[in-house]
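Here is a short, friendly tour of a protein model, written to be read with the structure open beside you. We begin at a pocket and then move to the parts around it.

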Amino acid sequence: MTGTAQQIADRYVALWNEPDPKRRREAIEELWAADGVHLLQPPEDMRERAAELGFADSVLEARGHDALERRVTRGYEQFVAGGEYAFRGQGPAILVGDALKLTWVMVRPGEDEVLGGGVEVLVLDGDGRITTDYQFPGL
């Protein structure tokens, strides 16, 4: 995969809105290295519960194309499929070395009010594919 930082960021955000499962899978294979990983800081209530159980650091992980496909599909089904929300990039993507930072927001289709969002830091390999995707929800 090649492209500017903004092109990579745009493809990344578009993936989470993709309704077609086949195209979603193809986009995952294009964006991520085969052993790429998505790491998510879970919601605060989940972190608190994990801490009560003795887990000081709780991070959710999806590794490899199959796990990434399940993660993206779940996000699509939970937020986008019903037509209630859509994701879009906000501001420019920034590339420093092999790390790409992008900001995304969640909105109602056709509206501008930001209902949620977050920051991604994507570590890219020499081919421009994601090896590690750090997701930080919340703006």
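In this predicted model, the largest pocket is lined by 24 residues, and those nearest its centre are Arg-71, Phe-79, Trp-104, Gln-135 and Pro-137. The elements that each give two or more residues to that lining are helix 1, helix 4, strand 4 (99-107), strand 5 (116-124) and strand 6 (130-137). The largest share, five residues, comes from helix 4. As for volume, the largest pocket has about 460 Å³. Sorted by class, its lining has 14 nonpolar, seven polar and three charged residues.

Helix 4 is a good place to go next. This helix runs over residues 64-80, 17 residues in all, and reaches 23 Å from its first C-alpha to its last, close to the 24 Å expected at 1.5 Å a residue. Its buried residues include Gly-64, Ala-67, Leu-68, Val-72, Tyr-76 and Val-80. Among the elements that cover the buried residues of helix 4 are helix 1 (5-15), helix 2 (21-31) and strand 1 (32-40), and strand 2 (60-63) and strand 3 (86-96) are also included.

Now for two other helices, set side by side:

| Helix | Buried residues | Arc of the buried residues |
|---|---|---|
| Helix 1 | Ala-5, Ile-8, Ala-9, Tyr-12, Val-13, Leu-15 | 155° |
| Helix 2 | Arg-24, Ile-28, Leu-31 | 75° |

In helix 1, the buried residues fall within an arc of 155° when seen down the axis, so they line one face of the helix. In helix 2, the buried residues cover an arc of only 75° around the axis, which puts them on the same side. On the other side of helix 2, Lys-22 and Arg-23 are exposed. The cover over the buried residues of helix 2 includes helix 1, strand 1, helix 4 and strand 6.

Finally, take a look at Leu-122, which has its place in strand 5. Is Leu-122 buried or exposed? Leu-122 has a relative accessible area of 0%, and buried means under 20%, so Leu-122 is buried. Leaving aside neighbours within four places in sequence, Leu-122 is in contact with Tyr-12, Asp-98, Ala-99, Leu-100, Leu-102, Ile-130, Thr-132 and Asp-133. One of these, Tyr-12, is among the buried residues of helix 1. Arg-74 lies 48 residues from Leu-122 along the chain, and the C-alpha atoms of the two are separated by 20 Å.

Definitions and conventions
Residues are numbered from 1 along each chain as its sequence is written. This is a predicted model: local features need pLDDT of at least 70, side-chain atom pairs count only at pLDDT 80 or more; totals for chains, interfaces and linings use all residues. Side-chain values use heavy atoms; hydrogens and water are left out. Helices (H or I, at least four residues) and strands (E, at least two) are DSSP runs, numbered from the N terminus. The expected span of a helix is 1.5 Å times one less than its number of residues. Buried means under 20% relative accessible area, exposed over 50%, partly exposed in between (1.4 Å probe, protein chains only). Contact means heavy atoms within 4.5 Å. On a 1 Å grid over the protein atoms alone, a cavity is a set of points where a 1.4 Å probe fits but cannot get out, and a pocket is an open set with protein on both sides within 12 Å along at least five of seven lines; lining residues have an atom within 4 Å of a point. Grid points are joined across faces, edges and corners, and a volume is the space filled by probe spheres set on the points. Ala, Val, Leu, Ile, Met, Phe, Trp, Tyr, Cys and Pro count as nonpolar, Asp, Glu, Lys and Arg as charged, and the others, Gly among them, as polar. The arc is that of the directions from the helix axis to the C-beta atoms.
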